[in-house]
Each structure stands twice: as structure tokens, then as C-alpha cells.
Amino acid sequence: MVDHSLDQFPVAVIGAGPIGLAAAAHLAERNVPFVVLEAGDTAAAAVRSWSHVQLFSPWEYNTDPAARRLLAEAGWQEPDASELPTGGDLVKQYLQPLAELPALAPHIHYGSTVTALSRLGTDRLRTAGREQAPFVVRLADGEELLARTVIDASGTWRQPNAVGANGLPAHGEQDAAAWITHGLPDVFGADRDQHAGHHTVVVGAGHSAANTLLALAELADAAPGTSITWAIRSADPSASFGGGSDDELPARGALGSGLKMLVDTGRVTLAANFRTHSIRRAGDNQVELVSTQGGEQSITADRIVAATGFRPDYGISDELRLELDPIMSAPRALAPLIDPNQHSCGTVTPHGYRELAHPEPGYYIVGMKSYGRAPTFLMLTGYEQVRSIAAALAGDLESAQSVELQLPETGVCSVTAGGEAIALRLGLSKEEHEQLLHVTAKYLGTSATAADAVLSAATELGIDHTAALQLAAYAADQFDAPGATGC
């Protein structure tokens with residue numbers, strides 16, 4: 001008789017991104033057998049595709065405690081906690097070294113795409129004995145693995161939202177796919193030629209849209225003829241500007257401040273109340289986006305960047321019993337804690353294995369995918385999710401239930417750190433930024449506003465116009481607000 005008792009099987013972790021590798025680190029620390037199944041041919045394959053993007057959260061919010069402990073034992077030099085990494089930095093300095101550790105590397109299987117999950121010898125309808133049956137994990141090559149638990153950290157990167165405003169693809173969107181880039185294009189690298197000297201319309205109102213708009217504005221300084229339109233569904237873009245100088249993550253505040261200044265000065269053309277209904281060919285090599293709600297509007301462009309977010313794909317778990325919120329497409333208990341109508345990424349309630357549980361015993365969705373359609377995810381939240389789950393699997397329920405997390409939120413200002421965040425992203429050294437602050441002080445007494453003082457200083461030092469606008473915007477938020485003290 002074949003023994004199929006659960007304890008003999010490993011935990012299957014789907015995905016070797018930041019959260020999947022963190023899950024592996026916690027399981028390794030607790031001596032819980034595991035296997036990591038990664039569809040790509042290397043660790044953090046999705047992160048590598050946005051390696052050019054600088055995160056708005058510093059290193060301290062982007063590394064997992066168990067991973068740091070394992071790395072430290074191997075002689076790893078931890079990056080400066082206050083510095084802002086790019087996606088490439090995250091891979092090179094943290095994720096790749098983590099994946100190569102002897103405690104993890106033998107258990108990571110690359111090129112292993114999970115296509116379906118079920119229970120051994122049963123389907124979704126059968127209840128009797130279900131929780132004693134191991135999971136069947138089917139791979140694209142036909143191989144099947146058995147697992148005691150499944151932790152799905154596969155993310156949402158390969159499932160971008162449509163450009164269409166109602167959640168459906170716009171009419172003609174599929175035919176216009178060659179003109180559409182999803183996510184975060186590498187404006188200064190591989191994707192430069194698609195945008196330099198051309199008109200790009202960016203659709204979306206989140207951080208990805210803001211990053212792309214700022215990058216395109218910098219490109220426009222170097223490439224004549226480059227123009228930018230920002231299409232948003234709402235009438236007021238202020239929500240996209242974020243907390244400005246009141247944001248506890250200075251880089252995030254700086255991002256919104258810089259975008260606001262670019263819109264105010266006309267460097268970026270705002271198309272408000274624009275809800276894409278259709279996309280059609282226009283001319284030899286252009287496309288036209290059409291909004292019909294509240295009167296017809298149209299935008300003709302050479303390129304579309306769809307910064308419209310991502311959504312989870314639950315196709316692999318069709319034979320499992322999931323309990324998903326009908327609005328958020330997230331675990332039902334988690335959904336009210338992450339609803340973007342109520343929460344920013346910094347006001348999410350800490351949560352662990354209990355909130356992530358489904359009626360299917362032993363199946364957990366973690367990381368970005370666990371948030372469904374909510375855009376409020378921070379890596380630090382995912383690290384706490386897998387810490388709690390690993391503790392529960394090891395039988396340490398006290399630790400599993402003690403979920404505590406200190407997240408950054410709006411409320412603390414830091415003009416120096418915010419300015420450094422912009423300066424770093426613009427390629428200015430710390431010394432150049434400090435020099436800018438020094439020269440700015442010289443102009444404060446004779447300038448009408450702090451923003452004017454920064455612009456004058458930037459002109460004296462030869463800093464390009466777009467960089468000056470963004471730095472000035474952050475200074476204006478800091479010093480010009482009623483009652484502001486300048487921190």
C-alpha cells in the first residue's frame with residue numbers, strides 16, 4: 001500500500017520572486033521541507049524585466065528578516081537601509097545571492113511552469129478525506145509533484161489589465177497590441193527608440209504611470225519632438241500626486257510632486273475624464289484612443305503605455321476550493337483590509353495565515369497575487385505573510401498568530417531625503433544634491449517662493465530643466481504649504 005500521509009511531502013512554493021524566496025528562507029530556517037517552482041530560467045524573472053525602475057521604498061522595506069539572517073551567515077554585506085534600490089539592484093544585491101544559498105538553491109526548480117493544482121484522487125466536489133490528500137501540482141511538461149501545502153507566490157506580472165475603462169479590452173485593443181506597452185517601459189534603454197521624438201500617451205493613475213511620465217519628460221529634454229499625454233479616468237488628478245511632502249516614503253512623495261509640476265507647467269498634457277472605449281489605427285503608424293463617456297474625446301499617439309495595473313489569474317486553482325471577495329478577487333478575510341477605497345499601502349492591517357486561508361486546507365496565495373486587484377501591496381507585507389504561514393506549518397501557532405508590521409504611511413515629511421530620492425533617480429550625486437541645497441539657500445531671501453529659489457540654483461549649477469522642475473516641486477510642497485516649517 002502506498003503511503004500518502006501529508007508529512008512526507010514538501011511544501012510547494014510557486015514562484016522564485018521576492019515573496020517566494022522569502023517563503024523558502026522561512027521554511028529553511030524552520031527545517032520544513034520545500035520545493036520552489038519557478039516558470040522562468042532564473043530567480044526573480046519578473047523583477048528583471050523592470051530592473052531599470054527605482055523603487056520608492058528604501059532597502060529596509062524590501063528585504064525579508066529570515067533571508068537576511070541566512071545571507072548574513074554566508075558573509076553577505078547588507079545594503080545601506082536608507083538607500084533606494086532599482087529593480088536591478090534588488091536582484092543583484094539581494095535576490096540572486098539569496099537564491100544561490102546552499103539552503104535554497106538545491107530546492108529551486110527553474111523552467112517549471114505550474115499549469116494546474118488539485119488533490120490526489122479527488123476533484124473539487126469531493127469532501128470526505130479531502131484534507132488528508134496531498135496536493136497534485138501539474139507542470140507544463142506533464143510532470144506531477146505531490147505536496148503537503150501549496151504557497152502560491154506567482155504574482156500578477158504576466159496578467160496586465162486592459163486599456164479599456166470598464167475592465168474589458170477596448171474595442172480594437174487586441175488589433176493595436178503592437179502599439180501598446182504594459183507596465184514600465186525602459187525609456188532610456190531598450191525602449192528609447194519607441195518614444196524619442198514621438199507622442200506617447202500614458203494611461204493610468206498609479207505609481208507606474210507617474211514613473212513613466214517623469215522618465216518621458218526627461219527624455220523630452222534630450223530628444224526634440226517627444227511629447228507626452230497622460231490619460232486618466234477621473235476629473236481630478238490630485239489623488240495621483242499622493243502625499244507630496246507629507247509622505248513617509250520621500251521618494252513616493254517626490255514622485256507625486258514632480259508629476260504635479262510637470263502637469264502644471266504643461267510639460268505633460270493632462271486628458272482628464274478620459275475613459276478609453278476604443279483604439280483604432282490612425283495614419284501610417286499611429287493609433288487613436290477614443291473616449292465616449294460624457295462626450296467624445298480622442299488622442300492620436302505613436303505609442304501607448306498601459307500603466308493600468310495587473311490582475312490575478314486563478315486558472316491553475318480551478319479544482320481547489322477558494323473563497324474570494326467578489327470585488328477585490330482577494331481572499332475574503334483579507335479584502336476589507338486592503339481595499340484601495342479605504343487604504344493606502346501604508347495603512348493596510350498586518351495579516352497572516354488566518355486571513356490568507358481558504359476552504360481548501362493548506363492552500364495559500366501570498367504576495368501581489370493575494371491582493372487581487374488592489375494596487376496597495378508592499379513587499380514588506382508579503383514577507384510578513386510568509387513568515388506567519390511558515391510558523392503555522394512548523395506548528396508554532398503563537399508566532400504565526402502574532403502578526404506585527406510597521407509600514408510607511410503618509411504623515412512624516414523629509415525634504416532632504418525626498419530631494420535625495422529625486423537626485424538619485426536623475427543621476428545626480430549626493431555631493432551635487434548637497435551643493436544644490438547650499439546654492440538654493442542663497443536665493444531663498446530674494447525669491448518669491450522656495451520653488452523659484454531651487455530653479456535659480458539649478459540654473460546656476462547647470463542642472464537640466466526637468467530635474468529642476470521636479471526638485472522645485474518637492475521644495476514647494478515642503479516650504480510653501482500654509483504652516484510649513486520646512487522640517
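Start at Gly164 in this predicted model, and look at what surrounds Gly164 once its neighbours within four places in sequence are set aside: Pro169, Ala170, Glu173, Arg233 and Thr276 are in contact with Gly164. The glycine sits in the loop between strand 7 and strand 8. Gly164 has a relative accessible area of 1%, so Gly164 counts as buried, the cut-off being under 20%. You can also follow a link across the sequence here: the C-alpha atoms of Gly164 and Ile279 are 8.9 Å apart, although their positions lie 115 residues apart along the chain.

The loop that holds Gly164 leads to strand 8, which brings us to the sheet. Five strands make up this open sheet, with parallel pairing and the order 8-15-9-10-11. Strand 8 (180-182) and strand 11 (269-271) each have a single partner strand, so one side of each is left without a neighbour in the sheet. From one strand to the next, the twist averages 25°. Helix 6 (residues 207-222) packs on this sheet, where helix 6 touches strand 9 (199-203), strand 10 and strand 15 (303-306). The direction of helix 6 makes about 165° with that of strand 10. If you would like to see the pairing residue by residue, try strand 10 (residues 227-231) and strand 11, which are joined in the parallel sense over three bridges. Ala231 has Ala271 in strand 11 as its bridge partner.

Now turn to another sheet, an open one of three strands in the order 4-5-6, where the pairing is antiparallel. Strand 4 (114-119) and strand 6 (144-147) are the edge strands, and each pairs on one side only. With direction ignored, neighbouring strands of this sheet are turned by 25° against each other on average. Strand 5 (residues 135-139) and strand 6 run antiparallel and are joined by four bridges. Val137 is matched with Leu145, its bridge partner in strand 6. Side chains have something to show here as well: Arg119 lies over the face of Phe135, at 3.8 Å from the ring centre.

Aromatic rings are next, and the structure holds three aromatic pairs. In one of them, the ring centres of Trp157 and Phe310 are 5.0 Å apart and the planes meet at 25°, so the pair is stacked. Trp157 belongs to the loop between strand 7 (149-152) and strand 8, and Phe310 to the loop between strand 15 and helix 8 (335-338), so the pair ties together parts that are 153 residues apart in sequence. Trp157 is partly exposed, at a relative accessible area of 28%. Another pair is formed by Tyr371 and Phe377, with ring centres 5.2 Å apart and planes at 80°, so this pair is edge-to-face. Tyr371 is buried, with a relative accessible area of 0%, and Phe377 counts as buried too, at 15% relative accessibility.

Finally, a word on confidence. The chain has a mean pLDDT of 84, and 82% of its residues reach 70 or more. Over residues 243-253, pLDDT stays under 50, and the model has 47 contacts beyond four places in sequence for this stretch. Residues 474-487 also stay under 50 in pLDDT, and for them the model has 36 contacts beyond four places in sequence.

Technical notes. Residues are numbered from 1 along each chain as its sequence is written. Side-chain values use heavy atoms; hydrogens and water are left out. pLDDT is the predictor's confidence in each residue, from 0 to 100. Contact means heavy atoms within 4.5 Å. Two strands pair if DSSP finds at least two bridges between them. Helices (H or I, at least four residues) and strands (E, at least two) are DSSP runs, numbered from the N terminus. Axes are lines fitted to C-alpha atoms, for helices over the stretch in contact, and angles run from 0 to 180 degrees between N-to-C directions. Rings of Phe, Tyr and Trp (its six-membered ring) pair if their centres lie within 6.5 Å; planes under 30 degrees apart count as stacked, over 60 as edge-to-face and the rest as tilted. Buried means under 20% relative accessible area, exposed over 50%, partly exposed in between (1.4 Å probe, protein chains only). A charge sits over a ring if NZ of Lys or CZ of Arg is within 6 Å of the ring centre and within 35 degrees of the ring normal.
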